[in-house]
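Here are a few notes on the aromatic contacts, for when you have the model open. Have a look at the rings as you read.

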Amino acid sequence: MVRSELIKRIAAERPHLPSRDVEAAVDKIFETIVASLARGQRVEIRGFGVFEVRPRVAFTGRNPKTGIAVSIPQKSVPWFRGSIMLYDRLNLKD
């Protein structure tokens, strides 16, 4: 599912809400999650999962075309861990 499909599905389930309001709410949720992660904060959505930022260490990689060694700097990467409720729902355990 992509963002536009999510907005359409929520708008269909809540016909009293205009699509532009649903879109604004979805955008605000995503913006808030991204802003929290950018500040290094953990975002936990009960029953869904946890978003965190984890460091990836610097390493030496290789250019696949030339084979020359390339230094890859340390980075921060987003990380997600699903909740037990999410795993149970995916595996149809009620």
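1. A word on terms before the count: rings of Phe, Tyr and Trp (for Trp, the six-membered ring) are called a pair if their centres lie within 6.5 Å. Keep in mind that this is a predicted model. Searching the whole structure on that basis turns up three aromatic pairs.

2. Take Phe-48 and Phe-80 to begin with: their rings make a tilted pair, 5.4 Å centre to centre with 45° between the planes. The contact links distant parts of the chain, as the two residues are 32 residues apart. Phe-48 is in the loop between strand S1 (43–45) and strand S2 (49–56), while Phe-80 belongs to strand S5 (residues 75–82).

3. Are these two rings buried or exposed? Neither, really: Phe-48 counts as partly exposed because its relative accessibility is 37%, and Phe-80 is partly exposed too, at 35%.

4. Phe-80 also pairs with Phe-51, again tilted, at 4.8 Å centre to centre and 45° between the planes. Phe-51 lies in strand S2 and Phe-80 in strand S5, so this pair ties together parts that are 29 residues apart in sequence. With a relative accessible area of 21%, Phe-51 is partly exposed; the buried class needs a value under 20%.

5. Put together, Phe-48, Phe-51 and Phe-80 make up one aromatic cluster.

6. One more ring contact to check, this time with a charge: which residue has its charged end over the ring of Trp-79? That is Arg-54, with its charged end 3.5 Å from the ring centre.

Technical notes: Residues numbered from 1 in each chain as written. Predicted model: local features only at pLDDT ≥ 70, side-chain atom pairs only at ≥ 80, totals over all residues. Heavy atoms only, no water. Phe/Tyr/Trp six-rings, centres within 6.5 Å; stacked < 30°, edge-to-face > 60°. Helix = DSSP H or I, 4+ residues; strand = E, 2+ residues; numbered from the N terminus. Buried < 20%, exposed > 50% of the residue type's maximum accessible area, 1.4 Å probe, protein only. Lys NZ or Arg CZ within 6 Å of the ring centre and 35° of its normal.
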